[in-house]
Amino acid sequence: MNQHTVKMRELARELLSSGQVSLVLGWEKGNLWYKSPPVFISRVEDVEKLIFDEFCHNNLAKYLMDLVHHSGKIAVFVKGCDSRAINRLLQDNQIKREKLYIIGVPCPGLKDPDDAVGKKQGAEVKNSAKCATCSYPNPVVYDALLWETVPVNTTKAPVEELIAKLDSMTPDERYAYWTEQFSRCIRCFACRNVCPACNCRECCFDQAEPDWLGKANNLSENQFMQMTRAMHVAGRCIECGECERVCPMNIPLMAINKKVARDIAELFGECAAGLDLEKRPPLGHFDLNDPEKFM
Amino acid sequence: MKTIVKSRLAELLQTMAQDFRVLVPVKSETVSQFVPWQEGLTVNLEGNTVLPPKDIFFPQTEKMYKFKVKGSSVDIEEFAEDVQKQVIFGIRSCDMQSIDCLDKVFLTKGYEDTFYKTKRDKTLLVALACTKPQDTCFCESLGLNPLEASGADIQVYDLGDALGFVAKTPEGEELLAKYASLFTEVNAVPQKVEGFNLKAEVAGIPEKLAKMFDHPIWDEVSQKCLGCGACAYLCPTCHCFDISGNVKADQGYKFRCWDCCMFSEYTRMAGGHNPRPSKKERVRNRFMHKLYYFQERYGQLLCTGCGRCIAKCPVGMDITAIIEKIKEAEV
């Protein structure tokens, strides 16, 4: 067992047995060595399920929205990206800070579970693409930091190259590229449902009246859905890359999200979502100095 | 056994494609699925496709009929569907079993679904035996034989450098006879498939679930589910659909499209009431349907052990682990 796992269990045990929290959100090991799915621990004897390894992809902050009526305090393990989601949810009044015990776990960067498929446990596995451009591996909000912070990786990730490639295309070429990507979408909504920025009480895609999104799977509806989502999470996306990881059709969703984030930064200045609780998202408030190029 | 070297498979498919629409498993950079054969494609003989073949008979979106209001009456016209005779090549035992499930749903119990039937009736199934299980395969636990697909017209075996063909139905015999010149007769014994990573003990599960509707297990099992439809849309047996319309002024058309019991609007009624208000009820329904209701109605499980849901669930929901939990639960 690695030292990280030992520390996680120690703290979880202490928090549960002292009654400081009544629930711990963490990760566990299942039947596949390259997956570490979420686990909900409410009994001290179950803390032995907790683990930390390079496959702890899930952003557990997402579950806090399910638990708004949970009585008692909740401990939640957060990597750097996950912690930004916590700040975002706090800013949107989706969760209450006093109900959380946030345990920061500086993230060394995770491995790509798709690359591990078919391999023996312990085999060499590629780094996860979503972690390659991560500028915030260290939690930005926490009550306890479980181990030493990690250095920030500055290598150029494939998604950056893809954005550069898309930027160099003509509008028609770019349209053709995205048409091909969105034509694959099966509309399973895994991207939306895993996204911590998607916190609407009722998603417009689920509304029957008005029927914003038709149920037919065709390019037009798929484009409408994906573009609406990209614009809706603009400025609130914490770039955890979960949407792209879970897409069963491998649509490069982070290329859109990162591109939009960059456009917003150009217009409104650096404003990475969820870093600073006091700083409102640029599209979530009004400032007299906002650019008004379109006026 | 009639065999053909793998390097000549393209030639066989190309010849077949002159007489049939031939669908083959193909892996691209982004996804693997069954697509119509065309020259230059590489057939993926390794592992199963990410997308199941169900959309060949049951497309995600399918137009049903068009209508036009004329005074107090309405003209209804069906969409003319030009269905060619088709061959699905390289379909695995698990997906063959899923076709058996779909056949039961769409063709039995007193109603035949025309949309499904027209395509199904014109299809010959050339199954491909597996050589080794993928990490998420557990068909063996469900009583399937990865070497022998039930319902196939022809069973194909991967013999290393060659593929062996054995006809299982008169239609299969006919198909092999048609292309006999391409095959060589060789004595060969297919290799056994061993080393399943996942197992599920399903004996007694449907009977036990009959008493577990109100069991606390569903609170626990549903907790981490995100309520997306990746499992259902990648499942070869999930077959729920919704009927919707596209209406402009006095005319329009009706279409049906895949639906998913994980979605909130799946059971939402006019007026807003939802008998499955939270993910607990939805998750319960999913597993009850797969492991109990379907068994009760059709005498078999609505799961084939293909493992696609396990491979792609964003939060690692694992039906084999859930079966284990059901088995251990106290009732």
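**Close-up 1. Gly143(B) is an exposed residue in a predicted model.** Gly143(B) has 12 other C-beta atoms within 10 Å. A residue with 12 or fewer such neighbours counts as exposed, so Gly143(B) falls in the exposed class. Gly143(B) belongs to a loop of chain B. Strand E7 (123–128) and strand E8 (154–158) flank that loop. Gly305(B) is 162 residues away from Gly143(B) in sequence. In space, the two are 9.4 Å apart, C-alpha to C-alpha.

**Close-up 2. Four strands of chain B form an open sheet.** The strand order is E5-E4-E12-E11. Pairing is antiparallel. Strand E5 (73–78) and E11 of chain B are the edge strands. Each of these two pairs on one side only. On average, neighbouring strands of the sheet are turned by 25° against each other, with direction ignored.

**Close-up 3. Strand E4 (residues 61–70) of chain B pairs with E12(B).** The two strands run in the antiparallel sense. Seven bridges join E4 and E12(B). Which residue of E12(B) is the bridge partner of Lys68(B)? The partner is Gln251(B).

**Close-up 4. Chain B touches chain A.** Chain B puts 31 residues into the contact. Chain A contributes 28 residues. On the chain B side, four elements supply at least two residues each. They are helix H7 (230–234), strand E11 (241–248), strand E12 (251–258) and helix H10 (319–328). H7(B) gives the largest share of this side, with three residues. By class, the chain B side holds 13 nonpolar, 11 polar and seven charged residues. E11 and E12 of chain B, which belong to the open sheet, thus appear here too.

**Close-up 5. Domain 1 and domain 2 of chain A are in contact.** The domain assignment gives domain 1 as 3–145 and domain 2 as 158–284. Their centres, taken over C-alpha atoms, are separated by 24 Å. Domain 1 brings 20 residues to the contact, and domain 2 brings 20 residues.

**Close-up 6. Helices of chain A on the domain 1 side of the domain contact.** Helix H2 (80–91) and helix H4 (129–132) of chain A are the elements that give two or more residues to the side touching domain 2. Which element gives the largest share of this side? H2(A) does, with nine residues. The domain 1 side divides into eight nonpolar, six polar and six charged residues.

Technical notes: Residues numbered from 1 in each chain as written. Chains lettered and ligands numbered in written order. Predicted model: local features only at pLDDT ≥ 70, side-chain atom pairs only at ≥ 80, totals over all residues. Contact = placed C-beta atoms within 7 Å. Nonpolar A, V, L, I, M, F, W, Y, C, P; charged D, E, K, R; others polar. Buried ≥ 20, exposed ≤ 12 C-beta atoms within 10 Å, placed from the backbone. Domains from an automatic or database assignment. Pairing = 2+ DSSP bridges. Axes fitted to C-alpha atoms, helices over the stretch in contact; angles between N-to-C directions.
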